[in-house]
Amino acid sequence: MTHENSRELYDRALSVLPGGVNSSVRATMPYPFFVEDGDGAHVVDADGNRYLDYVMGYGPLLYGHDLPDSVEAAIQSHASAGPMYGAPTEVEVELAEFVARHVPSVEMLRFVNSGTEATVSAVRLARAYTGRDKIVVMQGGYHGAQESTLVEGDPEGAVPSSPGIPDSFAEHTIPVPFNDTDTVADVFEAHGDDIAAVLTEPMLGNMGVVMPVDGFHESLRDLCDEYGSLLIFDEVITGFRVGGLGCAQSEFGVTPDLTTLGKIVGGGFPVGAVGGRAEIVEHLTPGGDVFQSGTFSGHPVTMAAGLETLRYAAENDVYDHVNGLGEQLRAGITDILEERAPEYTVVGTGSIFKTIFTREGRGGEDRCEAGCRQRTDCPNYDACPKTGADVAAAETNRWERVFWQEMKERGIFLTANQYEAQFVSYAHTEADVQRTLDAYQETL
Ligand code: PLP
């Protein structure tokens with residue numbers, strides 16, 4: 001493979017875009033390949049190299065790079081009709097109705113333009129609704145580029161994780177370990193009356209993928225109810241992927257008060273949404289007094305792409321297909337790891353998968369069940385990552401980078417660091433899975 005055109009583009013990009021990119025994760029080492037075309041489950045770079053894609057835009061692309069005809073037609077028709085007006089349209093009502101019909105927690109929602117905006121609005125709503133300031137977040141959880149959640153620390157204290165954020169933001173945020181019910185209960189005992197909300201991804205999707213242990217979500221629900229705090233599920237990654245049209249909350253059987261959505265609900269276009277019980281969401285302006293606004297919010301092209309994406313999923317075997325292939329991939333990688341590198345493990349569920357290159361891994365005696373839910377009776381229970389810190393402590397990024405590079409040279413495009421999840425799309429086939437497993441085998 002040659003990468004000369006990408007290298008030249010990167011050189012040009014470096015002088016006008018910080019780090020040569022518009023989102024940090026894209027700056028793969030030594031330089032990213034620049035994409036010219038998407039084609040089914042593949043992307044083609046500026047040098048004509050073709051890669052089987054498991055990054056899938058970091059999650060939004062349920063169908064890969066070829067959209068179903070109905071989705072494409074809806075996008076074209078709304079783009080040529082406008083493309084936007086600054087006045088409401090029918091299609092945003094239809095998408096809102098669809099989401100409210102399928103997602104257990106959502107009676108009413110507001111569309112915004114990114115997952116970040118959605119979580120900003122959710123936190124603001126929760127604070128206004130409860131009249132409290134503190135939020136509890138999971139160590140290693142990610143909720144976009146917002147000041148209140150870009151923090152590091154523990155229940156004893158948090159500091160901003162980026163320069164440019166005043167310490168006062170972090171003062172109101174309490175990071176706790178994911179899956180650690182006892183610590184969350186202690187935090188509520190100490191601060192319960194000041195906690196506006198617990199904000200968590202149903203499964204950590206930006207920390208190498210960490211699955212919830214049995215009962216964790218239920219304990220969050222109970223604590224929030226006991227103390228009058230809101231439970232917010234950030235389903236920007238899991239929404240309309242894990243648990244199908246009901247999202248992860250239906251799969252895990254716990255209904256939050258507020259839900260944030262993004263990625264798939266925009267059908268590949270910029271989107272976010274915050275939804276939940278009407279009596280909470282109605283506090284947003286103009287009906288309520290919690291400020292929210294956006295020039296591009298509810299953009300007709302995005303709404304049309306999202307609506308037809310979800311309608312197509314409702315009428316076809318989309319989730320069976322992607323979940324089945326995800327299962328095959330995780331099982332196949334588990335077999336290869338067992339033989340080649342038993343200290344590593346593969347985690348995920350449905351169409352999400354991630355290999356954890358931990359040196360303190362599971363020991364190799366007993367194989368992990370594909371798509372495991374961290375049952376406490378599992379022989380590998382102790383060795384499996386439970387918290388974001390477990391993944392970070394493994395310091396596996398060096399391995400991940402070497403692995404990523406080798407897989408890329410074999411024509412497989414994976415996420416390039418230990419934290420980002422990977423996704424199977426409707427365009428992937430069993431033959432693609434086999435090809436991927438062959439590449440894993442060779443590379444490992
Ligand atoms: N929340 C979660 C769980 C995410 O994974 C992301 C982005 O990856 C966000 C929020 C932020 O979404 P966006 O990048 O659209 O602002």
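At 0% relative accessibility, under the 20% limit for a buried residue, Val-209 counts as buried. This residue of the predicted model sits in the loop between β9 (195-200) and α7 (216-227), and Val-209 has a positive phi of about 70° although it is not a glycine. A second residue of this kind is Met-56, whose phi is near 50°, again a positive value in a residue other than glycine. Met-56 is placed in the loop between β3 (50-53) and α2, and because its relative accessibility is 0%, Met-56 counts as buried.

Two cis peptide bonds also deserve attention when the backbone is inspected, and they are set out here with the loops that hold their prolines.

| Cis peptide bond | Omega | Place of the proline |
|---|---|---|
| Gly-82 to Pro-83 | near 10° | loop between α2 and α3 (90-102) |
| Thr-285 to Pro-286 | near 10° | loop between α9 (278-281) and α10 (300-315) |

Turning to the strands, β12 (residues 272-276) is mostly covered, with five of its five residues buried. On one side of β12 the buried residues are Gly-272, Val-274 and Gly-276, while Ala-273 and Gly-275 are buried on the other, so that both faces of the strand are covered in the sense of the 20% limit. Strand β4 (residues 108-112) is joined to β12 by five bridges in an antiparallel arrangement, and within this pairing Phe-111 has Ala-273 of β12 as its bridge partner. Strand β11 (residues 258-262) is likewise joined to β12 by five bridges and runs antiparallel to it; here the bridge partner of Thr-259 is Gly-275 of β12.

A parallel pairing is found between β5 (residues 134-138) and β8, which are joined by four bridges. In this pairing Val-136 is matched with Ile-174 of β8. Along β8 (residues 173-176), Thr-173 and Pro-175 point one way and Ile-174 and Val-176 point the other way, and all of them are buried.

Another group of strands forms an open sheet of three, in the order β13-β14-β16, with antiparallel pairing. The strands β13 (345-347) and β16 (422-423) stand at the edges with a single partner strand each, and therefore one side of each is left without a neighbour in the sheet. Between β14 (residues 352-356) and β16, which run antiparallel, there are two bridges, and Phe-353 has Gln-422 in β16 as its bridge partner.

On the surface, a negative patch is formed by Glu-36, Asp-37, Asp-66, Asp-69 and Glu-72. Both β1 (35-39) and α2 (69-80) supply at least two residues of this negative patch. Asp-37 is found in strand β1, and since its relative accessibility is 44%, between the 20% and 50% limits, Asp-37 counts as partly exposed.

A further acidic residue, Asp-438, lies in helix α14 (residues 430-443). Asp-438 has a relative accessibility of 39% and therefore counts as partly exposed. The C-alpha atoms of Asp-438 and Ile-333 are separated by 9.6 Å, although these two residues are 105 residues apart along the chain.

Notes: Residues are numbered from 1 along each chain as its sequence is written. This is a predicted model: local features need pLDDT of at least 70, side-chain atom pairs count only at pLDDT 80 or more; totals for chains, interfaces and linings use all residues. Side-chain values use heavy atoms; hydrogens and water are left out. Patches are made of residues with over 30% relative accessible area and no salt bridge: like charges are joined within 9 Å, nonpolar side chains (Val, Leu, Ile, Met, Phe, Trp, Tyr) within 5 Å. Accessible areas come from the Shrake-Rupley method with a 1.4 Å probe; for residues, only the protein chains shown count as cover. A salt bridge is a side-chain nitrogen of Lys or Arg within 4 Å of a carboxyl oxygen of Asp or Glu. Lys and Arg count as positive and Asp and Glu as negative; His and the chain ends are not counted. The place of a charge is taken as NZ of Lys, CZ of Arg, CG of Asp or CD of Glu. Buried means under 20% relative accessible area, exposed over 50%, partly exposed in between (1.4 Å probe, protein chains only). Two strands pair if DSSP finds at least two bridges between them.
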